[in-house]
Amino acid sequence: MADCGGLMEPIRIEYNSKKGYQIVHRCLTCGHIGRNIVLRDVAVQPDDEGAIFHLMRHPKA
Ligand SMILES: [Zn+2]
């Protein structure tokens, strides 16, 4: 369940033609998969941006 309180690990980036890029997270406790839309309008720290591109090239799952 999304509200089990487990840590959510980003595992890959997906591209949705309507919503744009989404970060796919997996709960380390129960395996629940969640998606967060990458909000390009919001200022992104360079480190975070680098992590996103890294995930795009090297998905974990
Ligand atoms: Zn969970």
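In the predicted model, G31 adopts a positive phi near 85 degrees within the hairpin of strand 2 and strand 3, where 5 residues lie between the strands. The two strands of this hairpin run antiparallel and are joined by 5 bridges, with strand 3 covering residues 33–37. Within this pairing, I23 is positioned opposite N36 of strand 3.

Strand 2 also takes part in a hairpin with strand 1, in which 3 residues separate the strands. Strand 1 comprises residues 8–16 and strand 2 comprises residues 20–27; their arrangement is antiparallel, and 8 bridges connect them. One of the paired positions involves E14, whose bridge partner in strand 2 is Q22. Strand 2 is thus bridged to strand 1 and to strand 3. In a regular strand, side chains point alternately to one face of the sheet and to the other.

With regard to the overall architecture, the chain contains 3 strands and 1 helix. The order of these elements along the sequence is β-β-β-α, and the helix accordingly follows the strands.

The chain was also examined for burial and for contacts across the sequence. Of its 61 residues, 0% count as buried, the criterion being 20 or more other C-beta atoms within 10 Å of the residue's own. Where contacts between residues at least 6 apart in sequence are considered, 33% join residues at least 24 apart.

Notes. Residues are numbered from 1 along each chain as its sequence is written. This is a predicted model: local features need pLDDT of at least 70, side-chain atom pairs count only at pLDDT 80 or more; totals for chains, interfaces and linings use all residues. Two strands pair if DSSP finds at least two bridges between them. Helices (H or I, at least four residues) and strands (E, at least two) are DSSP runs, numbered from the N terminus. A residue is buried if 20 or more other C-beta atoms lie within 10 Å of its own, exposed if 12 or fewer, and partly exposed in between; C-beta atoms are placed from the backbone. Two residues are in contact if their C-beta atoms, placed from the backbone, lie within 7 Å.
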